[in-house]
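This briefing goes through one protein chain topic by topic. Please keep the sequence and the model at hand while reading.

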Amino acid sequence: MPDLVSVNYRKYDGTLHWNLRMRRLGEDDHGVWLGLPGGAVMRKGYGPMVPIPCAHVILFPRDAWWTAVFNAPPRETEIYCDIATPPEWLSSHEVSMVDLDLDVIRKRTDGSTLMDDEDEFAEHQVRYGYPADVIAEAEAAGRWLMDAVDGRAEPFGDASRAWLAMVDGERP
């Protein structure tokens, strides 16, 4: 039986956000890698299951304010980074972090890198009362990710390929 991990993104008030169960693939210098084949599911809060059309892996770095999803083709979004509090491993089978709204995305179609949900980040600073240090960490992570993802610095170059190959073509 594969080593499954519950992945729980929450909002700053503790509300369950995106959540899913993924297979632990391994670890390297960049962090812990989890993966799922296309056809798997995830859910937002306690809502209905949402199908995931393409295989993907998520990197959970150590002590960094982000996580990164690497999608298999033909998904238009090649990389999707959630700016979040550092991933907290509650046990070997559960990881949790607070989604801080900002996202850095690299499109497969033209290779462009963009920052998304800046409006939501501004709105939630007020709504949830993000402390100044959380805002500063999120903004710094966003700037760093924009440069690293756009410049294809590892792990945003080739590092994900071997991990993605472990789940691409599998069936859930």
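The points below cover the nonpolar cores, the cysteines, the aromatic pairs, two individual residues and a record annotation. The model is predicted. Its largest nonpolar core has 32 residues, and the structure holds 10 aromatic pairs. The count of disulfides is zero.

**Nonpolar cores**

- Within the 32-residue core, the residues with the most contacts are V57, F70, C81, L145 and F156.
- At least two residues of this core come from each of β6 (56-60), β7 (66-71), β8 (77-84), β10 (94-107), α2 (132-150) and α3 (159-165).
- Helix α2 gives the most to this core, seven residues.
- Leaving aside residues up to four places away in sequence, L145 touches W66, C81, I83, V104, D150 and F156.
- There is also a second, separate core of 17 residues, and V7, V32, L36 and V69 are among them.
- As general background, nonpolar side chains tend to be buried together in soluble globular proteins.

**Cysteines**

- C54 is in no disulfide, and the nearest cysteine sulfur, that of C81, is 17 Å away.
- C81 is likewise in no disulfide, its nearest cysteine sulfur being that of C54 at 17 Å.
- A disulfide requires sulfur atoms within 2.5 Å, and the 17 Å between the sulfur atoms of C54 and C81 does not meet that cut-off.
- C54 has a relative accessibility of 10% and therefore counts as buried.
- C81 has a relative accessibility of 0%, so C81 counts as buried; C81 is also listed among the residues with the most contacts inside the largest core.

**Aromatic pairs**

- The rings of W33 and W163 have centres 5.7 Å apart and planes at 10°, so this pair is stacked.
- W33 sits in strand β3 (residues 31-36) and W163 in helix α3, so the pair ties together parts that are 130 residues apart in sequence.
- W33 counts as buried because its relative accessibility is 0%.
- W163, at 13% relative accessibility, also counts as buried.
- Ring pairs join W33, W66, F70, W144, F156 and W163 into a cluster.
- Two members of that cluster, F70 and F156, are listed among the residues with the most contacts inside the largest core.

**N71: a buried polar residue**

- N71 is found in strand β7, one of the elements that supply at least two residues to the largest core.
- With a relative accessible area of 6%, N71 is buried.
- A polar atom of the N71 side chain lies 2.9 Å from the backbone oxygen of T77.
- Not counting residues up to four places away in sequence, N71 touches A55, H56, T77, E78, R108 and L164.

**E137: a partly exposed residue of α2**

- E137 lies in helix α2, the element that gives the most residues to the largest core.
- At 36% relative accessibility, E137 counts as partly exposed.
- The C-alpha atom of E137 is 7.0 Å from that of W65, although the two residues are 72 residues apart along the chain.

**Record annotation**

- UniProt, in an unreviewed entry, places the feature "domain: DUF402" at residues 13-149.
- In the model, residues 13-149 are 20% helix and 50% strand.
- The C-alpha atoms at the two ends of residues 13-149 lie 29 Å apart.

How values were computed. Residues numbered from 1 in each chain as written. Predicted model: local features only at pLDDT ≥ 70, side-chain atom pairs only at ≥ 80, totals over all residues. Heavy atoms only, no water. Buried < 20%, exposed > 50% of the residue type's maximum accessible area, 1.4 Å probe, protein only. Core = buried A, V, L, I, M, F, W, Y, C linked by side-chain atoms within 4.5 Å. Helix = DSSP H or I, 4+ residues; strand = E, 2+ residues; numbered from the N terminus. Contact = heavy atoms within 4.5 Å. Polar contact = N/O pair within 3.5 Å; in protein donor to acceptor, adjacent residues only side chain to side chain. Phe/Tyr/Trp six-rings, centres within 6.5 Å; stacked < 30°, edge-to-face > 60°. UniProt positions renumbered as here; feature names shortened; annotations may be inferred.
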